[in-house]
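The following paragraphs lead the reader through a structure, from its surface to its interior. Please keep the sequence and the coordinates at hand.

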Amino acid sequence: MTNLLNRSARQWCLVGSVFCIAMLAFALVLQYGFGLEPCPLCTFQRVAVLAALVPLIIGALHNPRGWGGSLYGLLALIGAGAGIFLAGRHVWLQHLPADQVPSCGPGLDYMMEVLPLKSVIATVLSSSGECADIEGSFLGVSLPGWTLVGFVVLALITIGLILSALKRQRLNASA
């Protein structure tokens, strides 16, 4: 563990960026290669990956030396945390008994055209019956389950970035 914390902010950000890009690439392969259309929660999860990816890419380019690594890590952790929440909700919906699944709302494209963003988010989180359908699984785990695992790994990477930056900052302060 100590050896991992000796990595630079750039290295942590690169690992996180590559992981985010791999998550997005896999989602696009499922959509365009296998015809699995993303439900509204899947689309929001992609946005969460992008929210984590942006500060990680900036951090990789910037290679901060001080508190900047912690800041980039915290911003990416917010995206990963949102993804954990969304994927967790998705998994929860998929495990509800059929009679307790909320009704399907209007399509996401339609909602984005006619509703304010706050209403779209509230509607997707409260009435996402179409998200309860299990379209595929691997090793007995549904795609949202694997996405949840991916977000947990991403959160661990960002926590590693934060801890590494804090350790480096502490060492520089004592020197």
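On the surface of this predicted model, Trp67, Leu71, Leu74, Leu75 and Ile78 form a nonpolar patch whose combined accessible area is about 520 Å². Trp67, one of these residues, is located in the loop between H3 and H4. Because exposed means over 50% relative accessible area, Trp67 counts as exposed at 59%. In soluble globular proteins, nonpolar side chains tend to be buried together.

The interior may be considered next. The largest nonpolar core comprises 26 residues, of which Cys20, Val49, Leu56, Phe151, Leu154 and Leu161 touch the most other members. At least two residues of this core come from each of four helices: H2 (9–33), H3 (40–62), H4 (68–94) and H7 (143–174). Among the contributors, H3 gives the most, namely eight residues.

Cys20 offers a view of this core from one of its members. When neighbours within four places in sequence are set aside, Cys20 is in contact with Val49, Ala52, Leu53, Leu56 and Leu154. Of these partners, Val49, Leu56 and Leu154 are also among the core residues that touch the most other members.

The cysteines merit a closing comparison. Is Cys20 buried or exposed? The relative accessible area of Cys20 is 0%, so this residue is buried. Cys42, by contrast, has a relative accessible area of 25% and is therefore partly exposed, since that class lies between the 20% and 50% limits. A search of the whole structure for disulfides finds zero.

Notes
Residues are numbered from 1 along each chain as its sequence is written. This is a predicted model: local features need pLDDT of at least 70, side-chain atom pairs count only at pLDDT 80 or more; totals for chains, interfaces and linings use all residues. Side-chain values use heavy atoms; hydrogens and water are left out. A nonpolar core is a set of buried Ala, Val, Leu, Ile, Met, Phe, Trp, Tyr and Cys residues joined through side-chain atoms within 4.5 Å. Buried means under 20% relative accessible area, exposed over 50%, partly exposed in between (1.4 Å probe, protein chains only). Contact means heavy atoms within 4.5 Å. Patches are made of residues with over 30% relative accessible area and no salt bridge: like charges are joined within 9 Å, nonpolar side chains (Val, Leu, Ile, Met, Phe, Trp, Tyr) within 5 Å. Accessible areas come from the Shrake-Rupley method with a 1.4 Å probe; for residues, only the protein chains shown count as cover. A salt bridge is a side-chain nitrogen of Lys or Arg within 4 Å of a carboxyl oxygen of Asp or Glu. A disulfide is a pair of cysteine sulfur atoms within 2.5 Å.
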